[in-house]
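Here are some notes to read alongside the structure. Take your time, and keep the 3D view open as you go.

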Amino acid sequence: MSFFGWLTSFGLGKKKKSAERLSEKAFIPSGGEATTPKILLAYLADDKGGKLTKRPGALLTEIDGVEVFHLKKILKLPDGVEDPLVRLAMAAEEGRAWLKDEGADILVWGEVGKEDGGLTLRLLPTFGSNGAPGGAPGADPGTGHGEGSGTGETLEIPGDFGEDLEPLVAAVVLGTFGPTFRGMRTRLGESLGRFMEKAGPLVQNLPFGLNDNQVLSILNSVGNAYVAFSLLGGGAAQLDHAAKAYREAEKRVAKETQPLAWASIQNHLASVLLAQGQLQKDAKILRSAALVYSNVAGALSPVAHKNDWCSAQTQLGRSPYILAGLEGKPEYLQTAARAYEAALGACDKVAAPGRWAEGTNQYGVVLLALGEEMGGDAALEKAVSEFRNAMKVHKRDKTPILWAQTANNLGAACFALAKRNSQNTLLREASDCFEGATEIYRQQGIPKQVQVIEKNLHRVKRLLITRGA
């Protein structure tokens, strides 16, 4: 069966852009490139007459400073695939091709429930995960809020939702792509803040008539939007609001009867604790995050709940990695390495290549730090190998930012190892990696990262000259 066998679309065969503008052309300040965010709204599957598709479209056009286009296609989850994450990943791959063709920042797609008429909005950003990169000097693990699956966010609400849920729809869309938007994000943060003033009270005042899935989805979405707002200028205080939303969701789900829903909420809550611990440099909060991740991994089965278990186990490795830098205890890095090894041992590379590659990339970052702190070549050699493996999935043409992050990390590992074993081939590989990453970051409008990498590139070239290479 061909990849397009499960995809229903309008206007197949058209080579020109098929999106129809819904909003007025946004104002672009003079002097500088046009970096207005572009939102694509696809037809919702099983929306007879397109009535429910029009409602989100009308709401999105009310967002200041964005352009909204109606994409005359329907993106459906594929049939014949049992794993829900794999189904989402397959659809996301096609959706990102649409984003690339249209030069857009986020795709809003989804479906209408055949039985209850509920509305499932799926939000696919150009980049796979929210959040800014971080990590050890010279390394860029690309970590942030979210599970790193690259499938975006989901919001479940009634098809006839009332005005009280309207601000949340706009907030979730802004929050999904805003933190990774390549242009100026100040205006996006201001818009998101205004919507959150109205959407935030939903945590304590949910509308009547919601089913259990919709309640959990709304509370999670409010929490996620607060996290995004914190990254868009809202400050650390928004993380407290996010934690309250997740804890409210936590009250409404039982670990014994709904293990996956419970695990998802716990992972979101722990990610907030992890961020708070980093910002406040508070080891106690970081240990609390590690405990939550440990509880999730302990409650789930690596076989029956593979995806959620791998997510918790991967993040369990992040906590000791951060603690190692905070408290100056490199032995924490060994704990982190064991957690990543366990996660990668259970992660299905074929079914979830993006998750596997990101876990491999982060494992390499830990190994790089371990090799530099403990002085062992073996850890650095393995770090080089892991980054190379991750780059087989993080392709430059398909996921340029992820490719650049991994290439930067590989360059750092090659450079660190070459300084010890005098292999000039590693220095040349480091130079190629740094040059490629610099080119991508410059194209994507991320000058700060370019400056850091160029300093490392200069050090590599200087050592090559010193060695007569």
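The points below walk through one strand and its partners, then some charged side chains.

1. A word before we start: this is a predicted model. Please keep that in mind when you read the distances and percentages below.

2. Let's begin with strand β4, residues 106-112. Is this strand buried or exposed? Here 7 of the 7 residues are buried, so β4 is largely enclosed by the rest of the structure. The cut-off behind the word "buried" is a relative accessible area under 20%.

3. Now look at the two faces of β4. In a regular strand the side chains alternate between the two faces of the sheet. On one side of β4 you will find Ile106, Val108, Gly110 and Val112, and on the other Leu107, Trp109 and Glu111. Both of these faces are covered.

4. Which strands pair with β4? Strand β2 (residues 38-43) pairs with β4 in the parallel sense, over 3 bridges. Try finding Leu41, whose bridge partner in β4 is Val108. Strand β5 pairs with β4 in the antiparallel sense, over 7 bridges. For that pairing, look for Gly110, which stands opposite Leu121 in β5.

5. The hairpin of β4 and β5 deserves a look too. There are 6 residues between the strands, and in this hairpin Gly117 takes a positive phi near 70°.

6. Next come the charged side chains. Side chains of opposite charge can pair when their charged atoms come close. How many salt bridges does the model have? The count comes to 15. One of the pairs is Glu111 with Arg122, at 2.6 Å from N to O. Glu111 sits in strand β4 and Arg122 in strand β5 (residues 119-125), 11 residues apart, so the pair links distant parts of the chain. Both partners count as buried because their relative accessible areas are 17% for Glu111 and 10% for Arg122.

7. Compare that with the salt bridge of Glu439 and Arg396, where the closest N and O atoms are 3.0 Å apart. This pair also links distant parts of the chain: Glu439 is in helix α14 (residues 424-443), while Arg396 is in the loop between α12 and α13, 43 residues away. Glu439 counts as partly exposed at 38% relative accessibility, and Arg396 counts as partly exposed at 32%.

8. Helix α14 also holds Arg442, whose partner Glu454 lies in helix α15 (residues 447-466), so this pair ties together parts that are 12 residues apart in sequence. Their side chains meet in a salt bridge of 2.7 Å, N to O. Glu454 counts as partly exposed, at 36% relative accessibility. Elsewhere, Glu248, Lys251 and Arg252 are linked in a network of salt bridges.

9. Where do positive charges gather on the surface? Look for the patch made by Lys349, Lys392, Lys395 and Lys398. Among them, Lys395 is found in the loop between α12 (377-391) and α13 (400-421). Lys395 is partly exposed, with a relative accessible area of 39%.

10. Finally, a stop at Ser385, which has its place in helix α12. Ser385 counts as partly exposed at 33% relative accessibility. Its C-alpha atom is separated by 9.5 Å from that of Ala413, and the two residues are 28 residues apart along the chain.

Key: Residues numbered from 1 in each chain as written. Predicted model: local features only at pLDDT ≥ 70, side-chain atom pairs only at ≥ 80, totals over all residues. Heavy atoms only, no water. Patch = residues over 30% accessible without salt bridge, like charges linked within 9 Å, V, L, I, M, F, W, Y side chains within 5 Å. Areas by Shrake-Rupley, 256 points an atom, 1.4 Å probe, with all protein chains shown as cover. Salt bridge = Lys/Arg side-chain N within 4 Å of Asp/Glu carboxyl O. Lys, Arg positive; Asp, Glu negative; His and termini not counted. Charge placed at Lys NZ, Arg CZ, Asp CG, Glu CD. Helix = DSSP H or I, 4+ residues; strand = E, 2+ residues; numbered from the N terminus. Buried < 20%, exposed > 50% of the residue type's maximum accessible area, 1.4 Å probe, protein only. Pairing = 2+ DSSP bridges.
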